[in-house]
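Q: I would like a close look at a single part of this fold, taken slowly and with its surroundings included. Please keep to what the model itself supports.

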Amino acid sequence: MKEKLISPEDIRNLHPIFRGRFGNILIKMLFRIAGIDKVNAVYDASKHKSGLEYVDDMLDNMGIIRKVENDAVLDSLQGASFITVSNHPYGHIDGIIAISVVARKRSDFKMMVNWMLSRIDTMEEFFIGVNPYSKDNKMSAVKSSVSGIRQCLEHLREGHPLGLFPAGGVSDSSWTKTEDREWQTPVLKLIQKAKTTVVPMFISGSNSWIYRLLGMIDWRLRMVRLMHEVANKKGKVIYVRFGQPITVEEQSKYANTKDLGEFLKRKTYDLS
């Protein structure tokens, strides 16, 4: 296990400014402003465990109450590959909750995740990481994405389940609703190429009013707030609802990638 999920050294490697004369002061400010201290504290509280034990302990320590509905649909897919497609209302927590639910049914479940989640070494057995923010260069970022997609397809072809967030980012929020942006073409093409059953999975709720307000001002302010949102869910009840499996034959009716995305997104939000 790591001493810290995100260490000062990780930040120093991001940009020369953090290695300069005032680097340590800037790092301390960043840890506080961006909520990295809070994320590290969440990791520290459970890092003595691993796998599903870590997932459950972390969510329990955070006081998140999970209510699962219709997960029996997964029983009919035992021994077969499938893809879960989910909305993305919270951010990092969504992937952790999805793993806590699906991996209980299928221990071979993996999720395609971003740089932040893939750093959680105590959960690495559930991750296929994609890093679009490589510190080296844009070409490295592209290679990371291509490699991640290849791993996803291999995982499915070997008969295992895979979890995806097709929005590729946290849902947009207003005072009245929280909803994903248009589901992204690269993820939808992966689904088309995989030719396997898709299971819609809806995760209820939204982030705090502060997060929603900042998002209406500027998306960059919202991003700064995102790590704080990991640690403010105490007592929150989050519902995870599964829809009926969507066969390859049904998916094939939507040859156009955008049409498939709209169809799968609608099937997911119908569960709300």
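How many bridges join β3 to β5, and do these strands run parallel or antiparallel? Please also place the pair within its sheet and describe the helices around it.

A: The model is predicted, and β3 and β5 are joined in it by 2 bridges and run parallel. Within that pairing, Met-111 has Gly-163 of β5 as its bridge partner. On its other pairing, β3 joins β4 in the parallel sense, here over 3 bridges, and Val-113 stands opposite Gly-129 in β4.

These pairings belong to an open sheet of 7 strands, whose order is β1-β9-β8-β2-β5-β3-β4 and whose pairing is mixed. The edges are taken by β1 (65-69) and β4 (127-129), each of which has a single partner strand, so one side of each is left without a neighbour in the sheet. From one strand to the next, the twist averages 25°. At the β1 edge, the partner is strand β9 (residues 237-242), which pairs with β1 in the parallel sense over 5 bridges; there Ile-65 stands opposite Val-237 in β9.

Two helices that contact the sheet also involve β3. Helix α5 (residues 92-105) packs on the sheet and touches β1, β2 (82-86), β3 (110-113), β4, β8 (197-203) and β9, with its direction at about 60° to that of β9. Helix α8, in turn, lies across β2, β3, β5 (161-164) and β8, and runs at about 160° to β5.

Each of these helices also meets a further helix. In the case of α5, the partner is helix α4 (residues 51-61): the two axes come within 10 Å and cross at roughly 130°. That angle falls outside the 65 to 115 range that counts as roughly perpendicular and is not over 145, and α4 and α5 are therefore oblique to each other. The crossing in which α4 passes α5 is left-handed. From α4, the residues Leu-52, Val-55, Asp-56, Met-58 and Leu-59 take part, and they meet Ile-96, Ile-97, Ile-99, Ser-100, Ala-103 and Arg-104 of α5. Sorted by class, this contact of α4 with α5 has 8 nonpolar, 1 polar and 2 charged residues.

For α8 (residues 185-194), the partner is helix α12 (residues 257-269), and here the axes come within 10 Å and cross at roughly 90°. The helices α8 and α12 are therefore roughly perpendicular to each other. Thr-185, Leu-188, Lys-189, Ile-191 and Gln-192 in α8 make this contact with Thr-257, Leu-260, Gly-261 and Leu-264 in α12, and the residues of the contact divide into 4 nonpolar, 4 polar and 1 charged.

A word on confidence belongs with this picture. The protein chain averages a pLDDT of 89, and 95% of the residues score at least 70. Over residues 137-141, however, pLDDT stays under 50, and for this stretch the model has 5 contacts beyond four places in sequence. Where pLDDT is low, the predicted coordinates should not be read in detail.

To return to the strand in question, β3 is bridged to β5 and to β4, and it is contacted by both α5 and α8.

Definitions and conventions. Residues are numbered from 1 along each chain as its sequence is written. This is a predicted model: local features need pLDDT of at least 70, side-chain atom pairs count only at pLDDT 80 or more; totals for chains, interfaces and linings use all residues. Side-chain values use heavy atoms; hydrogens and water are left out. Axes are lines fitted to C-alpha atoms, for helices over the stretch in contact, and angles run from 0 to 180 degrees between N-to-C directions. Helices (H or I, at least four residues) and strands (E, at least two) are DSSP runs, numbered from the N terminus. Angles under 35 degrees count as roughly parallel, over 145 as roughly antiparallel, 65 to 115 as roughly perpendicular and the rest as oblique. Contact means heavy atoms within 4.5 Å. Ala, Val, Leu, Ile, Met, Phe, Trp, Tyr, Cys and Pro count as nonpolar, Asp, Glu, Lys and Arg as charged, and the others, Gly among them, as polar. Two strands pair if DSSP finds at least two bridges between them. A crossing is left-handed if the near helix is turned anticlockwise from the far one by less than a right angle, and right-handed if clockwise. pLDDT is the predictor's confidence in each residue, from 0 to 100.
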